[in-house]
Amino acid sequence: MNESSKRPDKIRFAGRTLFLTKDTSLIRRQLAGEDLAYDPNLPLMDNISTDEITPAWVCFYYDETLGRYVYVGMRENAVQPDEVKNGRFSVVVSGLSKGCGSSRETAPFAEKAAGIELIIAKTIEKIYEQNAQNIGLLTSTDFGLIERIMRGEEIPLAEFTRGLDAISKAIVEYGGLFNYNKARLAGEVSPPPITTLPRPMNIVEKIIARHAFVTAGKIGVQAVKPGDALFAVADVRFSHEYVTPMAEALFRQALGPDARVTEPQSVFAFRDHLTFLGQIMPRKHREMGLLERAEGLAATQQQFAARQGIKYYGERPEGGSEAICHNAVVEDIALPGQIVIGTDSHTCMAGVLGCFAFGVGATDMANAWYTKDVRLRVPETVRFVLKGKKRADVTAKDVMLYILATDYMKQGRGIGQVLEFAGEGLRDWPMDERATLTNMAVEAGGFTGIIEPDAVTLDYLVRMRGLSPERVRELFVFSDPDAEYAATFEIDLAQIRPMVAMPGDPRNGIPIDQLPGEIKIDIAYGGSCTGGKMTDMDMYAAVLGRALEQGKRVAPGVELYLQFGSQKIKEYARRKGYIEIFERVGARLIDPSCGACINAGPGASDSPEKVTVSAQNRNFPGRSGPGKVYLASPYVVAASAIAGKIVAPEEFLRVPEADLATV
C-alpha cells in the first residue's frame, strides 16, 4: 500500500441530499424527485434503528443487493425498494440516535451500496458509527456542512476526522478498516503508544489496560484513560448465522481463500437467530426466495465452523437451537476480567460476569479472527448505584426501563458510555436479574454494561461450570474506590413501580398506572436472551401458577408464547414443574432461538393492528413484525396474558400489601 491508497484530502458530494424527516410525506416527495432546501428548523426523524435501515429479512443478503432495500423498514412504509438507490442521493440527514439497535453492519453497508457517501445526524450510535468507518462510509454530527455540500463545495477530509481518536482518524483516511490494517501490517502506519500514567481506574479501564496490544508478544499497559485509542486482544470471539457469512466473505476477500482463524479454540459460532424463520415468513418473502437464502446463511456458517475447527452451537434434533448466543456465553464461555466480542449488540449481557463484553460488526470480527485484537477508544463510564430494596412486584426489567427513561438517556448522553451497575441494592439479586441490566445497556446507546463480580458471581460460576472457587477469585477485577466516572446516579429501588415502554423505543418507559387508558393485547411474549432466563421462568410460573389456582387461563383472543433461552433453561423449567403450569394455562412453548425478538419466529406480529406486550429488550418499529410492541417485565407479560390487557402483576403475586403500597 502507498499514499495513493488513502482518500483524497478533499471530497465533493455530487449526489442529492435526503432529509429523513418526522413528516414522512416529505420523505416521499424527495424520493419522487423534489429537492428540499436546508432548513435548520425542519423536524428530523430521531432514533432511526438498524431494524428500519435493514429489516431482518434484508439481512439475508450480504452483498451489493443490500443497496436495493435500504430504509425499507422505516416507519409508515416511507421508503420502498430501489427508491433511495435510484434517487441518486449521496448524503442522508436525520436527528438523534442514528443507527440505534442491533449491531448489524448490513445497515451502513446497505446505505453505501445505495450510493450514500455521508451520514449526518445530531447524534450517532457508537457501534453503527464504527461499522460505518470500517467500510468507508463517512459520518458527521456537524450540520454546518449541509449547506456547503448542497452548494457543491469540496469538503476537506479533516472535517470528518475532527475529534476522532488517532486510530479512527487513520481508518477514515484509509477508507476502511481492512485498508488501514494492510498499512498497519506493512509498517506504514502504527497506533500511537499509550502513555497514560498510573491513575485510579474503574473495572473496564483495568480490563482494557491488561489486554492492550503493545507489540508482538507484549500485551498490557500500566494504565489507560477515556479517549485513549488502541487495539485490545479479545479472549472470546463469537458470531451467529446472520453475520458469520458476511464476515467470512470479508475474511477471505482480505486474506485469501485459505485464510485460517487464529486460535480457533476461543472462537464460537451460533445457529440461534433464524431457527424458526420458516414458521412465520410471509408468502411474499418466500416467493422472493428469502427462506432459501436464510437457510443458506446457516449452511455457510456450519461449513465455516467445520473448516476452521471452531466450536459450533447448532440445532437440536428435538427442536430449536442449543442456545441463544448470549445465554450460552454467560452459561458456558465468558469469565470475569476477559474481553468478549460478538457480532450482536447484546453481547454486553456477558458483562454480568465482570468482563468487558461488547458487540462488533462483520468487518471488526473478520479482522479479529486473524489478529485476535479489536480496536477500541477507551470509553467513559457512568455509574448507577442501586440503593434500598425493590418492591416484590418490581424486577430488573422495570429498573432498566426506569433508567432508560431518564433525561440523561433520552437525550443521548449515554451513547458510547459504559453503564456500570453497583450498590447494596444489587447484593441479593440473582445473576439472571443482573444480566437484564447489562443486556439492556445497549438500549441506551451504551458501549456495554458491567457489574463487579462478587459472591453471587462466584457461586454462579462454581455451580454452572464446576470451576474451583480459588480459580474464579483470581479472575476478579474491581474498580478503584477513587476511580473517575462521567456521571454517577443513585437509584432508590423502593421508588420504582412496574414499568412499561411505549411502542417505538425502549426509552419510552412509564409506570404502568400512567398508561393512557386500557391497552388490550393480542400477543404476550416471554422469551429472548433478556426474558428467557431461568429466573424469568420463575416469574412466569409464579404468576401463571397463581392464575391456575384462581381458575384462570390465558384470556380469549390472546396468544401467550414462552420461549427458553437455552436447552439448559428448558431443562430447568422441566425440573421445577413449570412446563406443566405453562401448558395448563394455555401458553405455547417454544424451543431456544432468538425468534420473535427479531421477527424471525412465533410470537412476532403479522399485521399493524396487532398489539404485543413483550419481555424482550427492544421495540423499535418493525423489530418484531408490523404491530405495536410494549416492553415489560416477565411478571407483567404473564399477568397481561391472563387479563387480556396490560396490567400490573400484583393480583397474581402473593405479596404483602405493605410491599405493594406506592412508596
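**Exercise 1. The nonpolar patch**

Task: In this predicted model, which residues form a nonpolar patch on the surface, and where is the place of Tyr370?

Solution:
1. The patch consists of Leu185, Leu255 and Tyr370.
2. Together these residues have about 290 Å² of accessible area.
3. Tyr370 sits in helix H15, which covers residues 362-371.
4. The relative accessible area of Tyr370 is 40%. Partly exposed lies between under 20% (buried) and over 50% (exposed). Tyr370 is therefore partly exposed.

**Exercise 2. The second largest pocket**

Task: What volume does the second largest pocket have, and which elements each supply at least two residues of its lining?

Solution:
1. The volume of the second largest pocket is about 940 Å³.
2. Its lining counts 36 residues, and the closest to the centre are Lys126, Glu129, Gly163, Leu164 and Arg377.
3. Two helices each supply at least two lining residues: H5 (126-135) and H7 (166-173). Strands S5 (138-140) and S15 (373-377) do so as well.
4. H5 gives the largest share, four residues.
5. Sort the lining of this pocket by class: 13 residues are nonpolar, 12 polar and 11 charged.

**Exercise 3. The cavities**

Task: How many cavities of 30 Å³ or more does the structure hold, and what lines the second largest cavity?

Solution:
1. There are three cavities of 30 Å³ or more.
2. The largest cavity holds about 270 Å³ of space. Of its 26 lining residues, Ser102, His240, Tyr242, His273 and Asp344 are the closest to the centre.
3. By class, the lining of the largest cavity has 10 nonpolar, 11 polar and five charged residues.
4. The second largest cavity holds about 70 Å³.
5. The lining of the second largest cavity is Gly99, Cys100, Gly101, Ser102, Glu125, Lys126, Ile127, Tyr128, Val442, Gly445 and Gly446.
6. By class, that lining has four nonpolar, five polar and two charged residues.
7. Ser102 lines both the largest cavity and the second largest cavity. Lys126 lines the second largest cavity and also the second largest pocket.

**Exercise 4. Salt bridges and their exposure**

Task: How many salt bridges does the structure hold, and is Asp228 buried or exposed?

Solution:
1. The count is 44 salt bridges.
2. Take Arg29 and Glu34: their side chains meet at 2.8 Å, N to O. Arg29 is partly exposed, at 39% relative accessibility. Glu34 is partly exposed too, at 32%.
3. Take Lys225 and Asp228: this salt bridge spans 3.0 Å, N to O. Lys225 has 37% relative accessibility, so it counts as partly exposed.
4. Asp228 has 9% relative accessibility. The cut-off for buried is under 20%. Asp228 therefore counts as buried.

**Exercise 5. A link between distant parts**

Task: Which parts of the chain does the pair Glu263 and Lys372 link?

Solution:
1. The side chains of Glu263 and Lys372 form a salt bridge of 2.9 Å, N to O.
2. Glu263 is in the loop between helix H10 (244-255) and strand S11 (267-270). Lys372 is in the loop between H15 and S15.
3. The two residues are 109 residues apart, so the pair links distant parts of the chain.
4. Glu263 is partly exposed, with a relative accessible area of 36%. Lys372 is buried, at 14%.

**Exercise 6. A network**

Task: Which residues are linked in a network of salt bridges?

Solution:
1. The arginines in the network are Arg148, Arg151 and Arg162.
2. The glutamates in it are Glu153 and Glu159.

Technical notes. Residues are numbered from 1 along each chain as its sequence is written. This is a predicted model: local features need pLDDT of at least 70, side-chain atom pairs count only at pLDDT 80 or more; totals for chains, interfaces and linings use all residues. Side-chain values use heavy atoms; hydrogens and water are left out. Patches are made of residues with over 30% relative accessible area and no salt bridge: like charges are joined within 9 Å, nonpolar side chains (Val, Leu, Ile, Met, Phe, Trp, Tyr) within 5 Å. Accessible areas come from the Shrake-Rupley method with a 1.4 Å probe; for residues, only the protein chains shown count as cover. A salt bridge is a side-chain nitrogen of Lys or Arg within 4 Å of a carboxyl oxygen of Asp or Glu. Buried means under 20% relative accessible area, exposed over 50%, partly exposed in between (1.4 Å probe, protein chains only). On a 1 Å grid over the protein atoms alone, a cavity is a set of points where a 1.4 Å probe fits but cannot get out, and a pocket is an open set with protein on both sides within 12 Å along at least five of seven lines; lining residues have an atom within 4 Å of a point. Grid points are joined across faces, edges and corners, and a volume is the space filled by probe spheres set on the points. Ala, Val, Leu, Ile, Met, Phe, Trp, Tyr, Cys and Pro count as nonpolar, Asp, Glu, Lys and Arg as charged, and the others, Gly among them, as polar.
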